[in-house]
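Hi,

Here is the structure I promised to pass on. Please have a look before reading my notes below.

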Amino acid sequence: MDKRRCTFLSENLWKKALELFAGGVNSPVRAAVKPYPFYVEKSEGAFLYTIDGQRLIDYVLGYGPLILGHAHPYVKKKIIEQIEKGWLYGTPSKKEIELAEKIRSHIPSAEKIRFVNSGTEATMLAIRLARGYTKREKILKFDGNYHGAHDYALINAGSAVSEFNVIISSGIPTSIINTVIVCKYNDLDCVEKHLRTEEIAGVIVEPVMGNMGVILPEQDFLNGLRELTKTYNSVLIFDEVITGFRLGLSGAQGYFKVIPDLTTLGKIIGGGLPIGAVTGKKEIMSNLTPEGNVFNAGTFNANPLTMAAGIATIEVLETTNAYDIANKASKEIAEELDNSLSKKNFKYTINRIQSMFQFFIGISKVTNADDARLANKHLYVKIHEKLLKLGVFIPPSQFETIFTSSSHSDEIVNLTIEAIHKVVSEI
Ligand code: PMP
């Protein structure tokens, strides 16, 4: 049945939203669900329940934070317990110590931490710290890496920036654009050339690209970045807003055994509530106010509600087989998708690591953003739409990641695989 036929409650809200919000939404990728987004009534486990009465198996998972699935009972209990005690103190609480200790015990580069409220704030601060620490101005980033929605990051970025084809956001002063150098992902020669010839404060990289679909670092790319930045006294920043606590408790740096100077975190460490964090070497982190003179502040920084959700989430990750379940779901779905696609007469590739993957049609290898741009976006969207009709929600954009969670049980995975086989056979 075409379930999208009876979505008039969502349609009515969408009409109001178009009057209220630019493009009808408060974050652009949400408008990529056509002809209009579905509106969610509630969520639980692997499911979203729309106001029109549809149940969707969710592989977007809030764009990454919900590695335990929606409304995990233990996280919910801890959030409610904290709500009973108040949720904003404007002064420190024990919870921030607990979450920081957990992060420090797992993330190899973490010596000191600053909590902020989003991944955007985290990368903005990490870049400022690198500049303040080195007294240099230039930053090197990679084409297709997305580091949030601030001026220094919106240059050749991935995610919705690519989806809506805004290579450099309008509104960013040229003087700022001129401080940002862009290399292709996996291109160490480019990095070497710029580090050698220019004074570069820091190199910021997604250790696994999750914002152009999924793109993996080639062997020696991350190691090469580590060596080059050391040689040229530049700060290496791993943006682990997606990969932190997703590839495992120690993030991408633990997985690939490459330790950056600074790490930005977000998403999972807030258990689904707004969060960001910068962590790294004491020597660099100590430049932050009030210890040093690189400024950061925030009304909601380290608020106890987010801290409680983050601690609870990491506790579950530490004490259960959550990663095993999430990784198995991703592996099985990707394998069956591969099986299905291999029967078609087009080129494709699937990039996967742990509980994140994405597929690209029309190209057999994707190692940088240019490759990803060559994929058949039109066909991707078609598959997304057909899956949605069958109750399976994958990202509406080629340039996002398909995530799995510990709520994606065998039964749910099997339902998904059935839908995938049906959809791929029809395209
Ligand atoms: N860095 C990366 C790698 C991200 O994927 C994102 C968001 N998807 C951000 C930074 C920005 O995080 P936020 O949306 O919380 O501002």
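**The annotated lysine**

Lys-267 sits in the loop that links strand 9 (262–266) and strand 10 (276–280). Keep in mind that this is a predicted model. I started here for the sake of a record: an unreviewed UniProt entry annotates Lys-267 as "modified residue: N6-(pyridoxal phosphate)lysine".

Is Lys-267 buried or exposed? Neither: Lys-267 is partly exposed, because its relative accessible area is 24%, and buried would need under 20%.

Its surroundings come from several stretches of sequence. Leaving out residues up to four places away in sequence, Lys-267 touches Tyr-63, Gly-64 and Pro-65. Val-241, Ile-242, Gly-272 and Ile-275 are also contacts of Lys-267. Tyr-63 offers a polar partner too: its backbone oxygen lies 2.8 Å from a polar atom of the Lys-267 side chain.

**A three-stranded sheet**

The second item is an open sheet of three strands. The order is 11-12-14, with antiparallel pairing. Strand 11 (348–353) and strand 14 (402–403) are the edges; each has a single partner strand, so one side of each has no neighbour in the sheet.

Helix 12 (residues 322–341) packs on this sheet and touches strand 11 and strand 12. The direction of helix 12 makes about 170° with that of strand 11.

Strand 12 (residues 356–361) and strand 14 run antiparallel and are joined by two bridges. In one pairing, Met-356 has Phe-403 of strand 14 as its bridge partner. Helix 14 (residues 377–389) lies across strand 12 and strand 14. It runs at about 125° to strand 12.

Best wishes

Methods: Residues are numbered from 1 along each chain as its sequence is written. This is a predicted model: local features need pLDDT of at least 70, side-chain atom pairs count only at pLDDT 80 or more; totals for chains, interfaces and linings use all residues. Side-chain values use heavy atoms; hydrogens and water are left out. UniProt positions are given in the numbering used here, feature names are shortened, and annotations may be inferred rather than shown by experiment. Helices (H or I, at least four residues) and strands (E, at least two) are DSSP runs, numbered from the N terminus. Buried means under 20% relative accessible area, exposed over 50%, partly exposed in between (1.4 Å probe, protein chains only). Contact means heavy atoms within 4.5 Å. A polar contact is a pair of N or O atoms within 3.5 Å; within protein, one must be able to donate a hydrogen and the other to accept it, and residues adjacent in sequence count only if both atoms are side-chain atoms. Two strands pair if DSSP finds at least two bridges between them. Axes are lines fitted to C-alpha atoms, for helices over the stretch in contact, and angles run from 0 to 180 degrees between N-to-C directions.
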